Amino acid sequence: MATRNRLFAVVTLPIGAAVLVAGAWFATAGDLNPPVGPVTPTYKTLTEVEPRTAVSATNTPGDADSLFKITQRGSYYLTGNVTGVVGKHGIEIVASGVTLDLNGFDLLGIAGSLDGVSTTVASLTNLAVINGSVRNWGDEGIDLAINSPANCRVAGLLASGNAGNGIAIGQGGTASNCSAYLNGVNGILVGNGCTVTHCSAYQNTGSGIITGSGCTVAVCSVRLNSLVGISVVASCTVVDCSAQSNTLDGIACISACIIRSNTCSVNGNGAGDGAGINAVSNDNRIEGNNCTGADRGIDIDSSGNIVIKNTCSGNAINWVIVANNVCGPILDRTAPASAAISGNSAVDSTGSTHPNANFSY
């Protein structure tokens with residue numbers, strides 16, 4: 001039987017060198033003569049690891065009407081839950097250029113408290129409040145509307161049980177991925193020129209989402225609110241939203257709005273009186289919506305609007321449109337329109353080739 005021999009070697013190196021020699025492999029330590037100059041740390045400082053400022057009694061002390069008060073621009077974050085006190089806001093902001101990250105924590109108010117988060121001085125700009133829960137405050141949940149701050153952002157907020165509006169922002173702001181539930185006034189209230197996307201408003205005492213002029217509301221859901229689901233003023237766009245079982249209208253607009261591709265069902269809920277979509281004034285474009293189960297499907301109260309490609313079903317009155325509006329033909333397809341379909345083809349049962357036809361079905 002062949003014998004395999006392993007060669008070991010003994011190597012003499014300077015003291016401090018690391019040695020492992022087996023066969024033909026070995027390693028030594030690095031340079032024993034480092035470069036000239038002071039030794040500097042390679043780790044990050046606490047400021048570099050977390051450059052933001054923690055909201056605390058030390059960093060952001062409150063005053064007579066606030067638990068915490070942010071008086072300097074910068075980025076701030078919560079390190080724990082906050083519980084309200086009678087006669088005080090949770091966090092008061094009096095400086096522009098502030099981002100407040102609730103960091104997933106909960107601001108819990110009590111009866112007699114003020115706003116969860118509030119602006120209390122005029123002419124603030126560039127404020128953001130994100131990522132947390134605000135509930136049961138004695139006034140607003142998040143109030144970035146008082147004193148008309150501009151260019152504000154709210155995102156990732158849950159607002160519920162507040163005595164006032166759940167979330168309110170001023171002019172030219174954005175609200176995204178927020179939910180408002182069981183608030184005492186409106187769910188989400190925004191000023192002129194705002195954008196509201198991917199938000200929900202459920203069972204608020206006022207309207208679900210209410211806006212100023214020149215706003216966009218997209219991909220939002222509003223349900224069981226005691227007034228209107230989505231209420232917009234002039235030159236607004238409401239698109240791809242769902243409005244269900246609100247006590248008054250599902251979606252209401254005043255003038256020069258586009259209301260497109262929305263689903264509105266069972267509005268005018270219970271003892272209420274409402275339409276799936278209600279256009280109060282003129283120059284609105286009502287297009288491609290589906291309205292079902294309301295007192296009125298589509299209700300146009302003034303002349304000078306265009307109504308095309310909509311469908312209505314099961315409303316007490318499907319269409320209520322005053323004179324002097326432009327409408328695609330409305331075809332009644334409430335009777336069975338086709339035989340059952342199973343397979344690869346079927347005859348046309350719409351009864352129209354008009355590209356802008358509306359249908360009752």
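**Reading the labels in this model**

Colleague: Why is Arg 285 called partly exposed?

Modeller: Its relative accessible area is 33%. Buried means under 20%, exposed over 50%. Arg 285, at 33%, falls in between, so the label is partly exposed. Keep in mind that this is a predicted model.

Colleague: What makes Arg 285 and Glu 287 a salt bridge?

Modeller: Their closest N and O atoms are 2.6 Å apart. The limit is 4 Å, so the pair qualifies. Glu 287 itself counts as buried, at 13% relative accessibility. Elsewhere, shared partners join Glu 50, Arg 52 and Asp 101 into one network of salt bridges.

Colleague: How do you know that Glu 50 and Arg 52 meet in a salt bridge?

Modeller: The N to O distance between these side chains is 3.0 Å. That is within 4 Å, so the rule is met. Glu 50 is partly exposed at 26%. Arg 52 is partly exposed too, at 24%.

Colleague: What is the distance for Asp 63 and Lys 69?

Modeller: Their closest N and O atoms lie 2.7 Å apart, and they form a salt bridge. Asp 63 has a relative accessible area of 26%, and Lys 69 has 22%. Neither value is under 20% or over 50%, so both residues are partly exposed.

Colleague: How many salt bridges are there by this rule?

Modeller: The count comes to 8.

Colleague: How many aromatic pairs does a search of the whole structure find?

Modeller: It finds 1. The rings belong to Tyr 181 and Tyr 202, with centres 5.5 Å apart and planes at 15 degrees.

Colleague: Why is the pair of Tyr 181 and Tyr 202 called stacked?

Modeller: The centres must lie within 6.5 Å, and 5.5 Å passes. Planes under 30 degrees apart count as stacked, so 15 degrees gives that label. Tyr 181 sits in strand β15 and Tyr 202 in strand β18, so the pair ties together parts 21 residues apart in sequence. Tyr 181 is partly exposed at 36%. Tyr 202 is partly exposed at 32%.

Colleague: Why is Leu 144 called buried?

Modeller: Its relative accessible area is 0%. The cut-off is under 20%, so Leu 144 is buried. It lies in strand β11, residues 142-144. Leaving out residues up to four places away in sequence, Leu 144 touches residues including Val 129, Cys 152, Val 154 and Ile 169.

Colleague: Where is Val 85, and what patch does it help make?

Modeller: Val 85 is in the loop between β5 and β6. With Val 86 and Ile 110, it makes a nonpolar surface patch of about 220 Å². Patch residues need over 30% relative accessible area, and Val 85 has 36%, so Val 85 meets that condition.

Colleague: What about the whole protein: how many helices and strands, and what share is buried?

Modeller: There are 1 helix and 37 strands. Of the 361 residues, 41% are buried. The protein exposes about 17500 Å², and carbon and sulfur atoms supply 55% of that area.

Colleague: How confident is the predictor, by pLDDT?

Modeller: The average pLDDT is 91, and 88% of the residues score at least 70. Over residues 1-26 the pLDDT is below 50. That stretch has 19 contacts in the model beyond near neighbours in sequence.

Note on methods. Residues numbered from 1 in each chain as written. Predicted model: local features only at pLDDT ≥ 70, side-chain atom pairs only at ≥ 80, totals over all residues. Heavy atoms only, no water. Helix = DSSP H or I, 4+ residues; strand = E, 2+ residues; numbered from the N terminus. Buried < 20%, exposed > 50% of the residue type's maximum accessible area, 1.4 Å probe, protein only. Areas by Shrake-Rupley, 256 points an atom, 1.4 Å probe, with all protein chains shown as cover. Phe/Tyr/Trp six-rings, centres within 6.5 Å; stacked < 30°, edge-to-face > 60°. Contact = heavy atoms within 4.5 Å. pLDDT = per-residue confidence, 0-100. Patch = residues over 30% accessible without salt bridge, like charges linked within 9 Å, V, L, I, M, F, W, Y side chains within 5 Å.
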